[in-house]
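Here are a few quick notes to go with the model. Have it open while you read.

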Amino acid sequence: MTTRRVAVVGAGISGVAAALALRSHGIDVTVLDRGHRLGGRMATRTLRGTGLPYDGRVVDIGAAYLTVSDPAFRTVVDSWAARGLVREWTDTFHVSSPDGPQGVVTGPMRYAAPAGLRSLVEDLAADLPVVVNPHEVESVDRVPDGAEVDGERYDAVVLAMPGPQAADLLAADDPAAAVLNAQHWDPVLTVVAAYDEQCWHEFDAMFVNDSAVLAFVADDGRRRGDQAPVLVAHSGAVLAAGHLDEPASASGALLEALEHAVGATAKPTWFDVRRWSLAKPRRQEPSGFAFDGVVGLCGDVWGDGPRVEAAWRSGNELGGVVAARLA
Ligand SMILES: Cc1cc2nc3c(=O)[nH]c(=O)nc-3n(C[C@H](O)[C@H](O)[C@H](O)COP(=O)(O)OP(=O)(O)OC[C@H]3O[C@@H](n4cnc5c(N)ncnc54)[C@H](O)[C@@H]3O)c2cc1C
């Protein structure tokens, strides 16, 4: 029997999990991503030109941490932990509002990565054929018994990305496009603020309630374990929606709210604002993935929450189902 070929478009954690599941069933898989590097929203940037002693250090600018409840994902996280790729960060977050500190809240253990969360996706994908930048996929067309990805034929294709991005690849009347176009995604702005030294009371991370500007702040030095005085803050969706064309224009409001939330006594030496146009789905799809025999859909909108673990599980399950169908 000829080897079946599947294209996975999107090398975030869901696409990489799908590709690994497909390959474990003997499928010839190719992963395509338009990013300069893989990892998607598990994104890490390197500080450059800050003039600070820790210039060259990486910072997590997308997902802030991961949590684990699924036993299969636990196996993956245990493997990362055994090799020092993830570390237990904290189960206790501070809470604040514009009126001031509101105490702490305890939840599940949050895991962070000393080399940044992107390093975890890179580890999973180490032996996969991943084609990154400039591989922006432009079209996925159905053909008899398969699909063409930018004219290249495959037996099936997995679209592992936010719904609106996946819909752009399909014909307007494609049955999968209707599901994807019904999804609504919220934007987020992320500000990275790097300081000469720590000038705030210790905390790991903070939920910011009732703020029109900020939603969440993490101490990246405590998160990643090197204690560098770097804060990363995520905005609310309304502020982000108003500044998508020019994220830097929100820096004043973001930095002021950040200073107030953490009680910082000095200004950052360096800062930058990054835009996530499609950061979080407003509603989850009820199933863990979708597959109609040719086009598969996975990612964090599929399953129980817009999180790293849900994205991994969605891709892993879809990969197994696609492989079984092609067998
Ligand atoms: C600001 C922010 C904070 C978050 N915080 C947390 C958190 O604390 N904990 C948590 O668990 N989760 C968090 N998340 C969510 C988490 O990042 C996601 O659930 C997870 O990374 C989604 O992975 P994915 O593979 O589904 O999608 P993505 O990571 O978005 O991957 C999609 C990939 O598809 C690629 N792509 C898109 N279109 C094309 C195309 N046409 N051609 C080729 N490639 C294409 C993109 O380049 C991208 O790499 C956060 C997300 C954001 C944005």
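Does helix 1 pass helix 9 in a left-handed or a right-handed crossing? Keep that in mind for point 4; and remember that this is a predicted model.

1. Start with the sheet. It is open, has 6 strands in the order 7-2-1-11-18-17, and its pairing is mixed. Strand 7 (130–131) and strand 17 (290–291) sit at the edges with a single partner strand each, so one side of each has no neighbour in the sheet.

2. Further in, strand 11 (residues 156–160) and strand 18 (residues 295–298) run in the parallel sense, paired over 4 bridges. If you want a spot to look at, Val157 is opposite Val295 in strand 18.

3. Helix 1 (residues 13–24) packs on this sheet, where it touches strand 1 (5–9), strand 2 (28–32), strand 11 and strand 18. Its direction makes about 170° with that of strand 2.

4. Helix 1 also packs with helix 9 (residues 308–326), at an angle of about 30° and with the axes 7 Å apart. Angles under 35 degrees count as roughly parallel, so helix 1 is roughly parallel to helix 9. As for the opening question, the crossing is right-handed.

5. Now the residues at that contact. From helix 1 they include Ile13, Gly15, Ala18 and Leu22, and from helix 9 they include Val308, Trp312, Gly315, Gly319 and Ala323. By class, the contact of helix 1 with helix 9 has 14 nonpolar and 7 polar residues, with no charged ones.

How values were computed
Residues numbered from 1 in each chain as written. Predicted model: local features only at pLDDT ≥ 70, side-chain atom pairs only at ≥ 80, totals over all residues. Pairing = 2+ DSSP bridges. Helix = DSSP H or I, 4+ residues; strand = E, 2+ residues; numbered from the N terminus. Contact = placed C-beta atoms within 7 Å. Axes fitted to C-alpha atoms, helices over the stretch in contact; angles between N-to-C directions. Parallel < 35°, antiparallel > 145°, perpendicular 65-115°, else oblique. Left-handed = near helix turned anticlockwise from the far one by under 90°. Nonpolar A, V, L, I, M, F, W, Y, C, P; charged D, E, K, R; others polar.
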